[in-house]
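Here is a short report on one protein model with a bound ligand. Please look over the sequence and the structure before reading on.

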Amino acid sequence: MIPGAFDYHSPKTLAEALELLVKNPDDAKVLSGGQSLLPLLKLRLGSTGHLVDIGKIPDLEYIREDGGFLRIGGRTREAAIEHSELVRKRYRLLADTAEVIADPLVRNLATIGGNLAHGDPANDHPATMLAYGARIVATGPKGAREIPVEKFFTGLFETALAPDEILTEIRIPVPPPRSGGAYVKLERKVGDFATAASAVQLTLGPGGEVERAGIGLTNAGPTPVHATAAEEFLRGKRPDANAIVEASKLAAQAASPSADRRGTVEYKKAMARVLTARALNRAVARAQGA
Ligand SMILES: Cc1cc2nc3c(=O)[nH]c(=O)nc-3n(C[C@H](O)[C@H](O)[C@H](O)COP(=O)(O)OP(=O)(O)OC[C@H]3O[C@@H](n4cnc5c(N)ncnc54)[C@H](O)[C@@H]3O)c2cc1C
């Protein structure tokens, strides 16, 4: 299908891009990898008068550790995350996540900033960022502000970003020693969105008890689900089989999925429980050095 008419802009600086957003407050859209936005426009599920392509703006694509955070530029492509040595070695939850998003063709274009800014609860990065306790940097005409990820997803396809803001950076706290994470996703076929998926990031204390647990669920409600009761339950406990069974049940209770072609509500809740147990087991093993 052919999208409605729009003016295409290719600003060379962030300031220029922001100016275009300010000038067209109700009628401009940021274009990053285009993997969600372009299908929406082509199917005429959305329209815009101005597409502001941020692809030519320098310094929006990077992955580096700095000041206690892994900093990822908002326009960093999934393929870059998937193949980053740093991510594969120290951020295994993120590596697990990037490699199950869509297929290699999509991952060569799609960006992590677009994945989060789209506000789709079926996207994979939101749950992972909830598990990490990440922060999202939004840059607007008045400067940059940091949004804790738990305040970022405000509704179905809605985020805390203002229309004149660009998501410029994601900040993931550098995991302390004895940390491990895992993302486990059930999909109907390779490249599909999740029927259900669970993201877990854990830090163990010197005695093996859980010091910090982060758990997020994908496609489990109108917004990405933060399984806080399960996190609290685990804190201070040894992550043995009983604790994992109990925490997984609590995580599934936080889910409120809707029925669709991927399954019934009951099936999706059961999968949220099973996948959280698997992700917890894998995260514990990794935190213990596996
Ligand atoms: C065949 C296919 C399969 C897919 N499978 C999966 C999957 O399994 N898991 C998954 O998570 N996703 C999947 N996706 C979706 C896709 O990977 C993400 O939604 C995509 O990463 C969005 O990023 P983008 O850079 O392409 O964003 P775009 O499509 O360019 O933009 C998406 C939205 O975010 C806004 N936006 C983008 N970047 C910024 C920014 N920096 N600041 C402010 N607003 C911004 C845009 O205005 C738009 O509203 C799939 C897509 C396709 C086409």
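Is Leu40 buried, partly exposed or exposed? This is a predicted model.

## Leu40 and the nonpolar patch

Leu40 counts as partly exposed, because its relative accessibility is 30% and the partly exposed class runs between under 20% (buried) and over 50% (exposed). Leu40 is found in helix H2, which spans residues 37–42.

Leu40 also helps to make a nonpolar surface patch. Its partners there are Met1, Leu43 and Leu45. The patch covers about 450 Å².

## Ser32 in the loop

Ser32 sits in the loop between strand S2 (28–31) and H2. Ser32 is buried, because its relative accessible area is 15% and buried means under 20%.

The side chain of Ser32 makes a polar contact with the side chain of Thr111, at 2.9 Å. Thr111 is also one of the residues in contact with Ser32 once neighbours within four places in sequence are set aside. The others are Ile54 and Arg75.

## The ligand shell

How many residues surround the ligand? There are 30. The closest are Val30, Gly33, Ser36, Thr111 and Asp124. Three elements each supply at least two residues of the shell: S2, helix H7 (112–117) and strand S10 (166–173).

## Backbone atoms at the ligand

Polar backbone atoms lie by oxygen atoms of the ligand. For Val30 the distance is 2.6 Å. For a backbone N or O atom of Gly33 it is 2.7 Å. For Asp192 it is 3.2 Å. Taken alone, the ligand exposes 970 Å², and the protein buries 90% of that.

Terms used: Residues numbered from 1 in each chain as written. Predicted model: local features only at pLDDT ≥ 70, side-chain atom pairs only at ≥ 80, totals over all residues. Heavy atoms only, no water. Patch = residues over 30% accessible without salt bridge, like charges linked within 9 Å, V, L, I, M, F, W, Y side chains within 5 Å. Areas by Shrake-Rupley, 256 points an atom, 1.4 Å probe, with all protein chains shown as cover. Salt bridge = Lys/Arg side-chain N within 4 Å of Asp/Glu carboxyl O. Helix = DSSP H or I, 4+ residues; strand = E, 2+ residues; numbered from the N terminus. Buried < 20%, exposed > 50% of the residue type's maximum accessible area, 1.4 Å probe, protein only. Polar contact = N/O pair within 3.5 Å; in protein donor to acceptor, adjacent residues only side chain to side chain. Contact = heavy atoms within 4.5 Å. Near = heavy atom within 4 Å.
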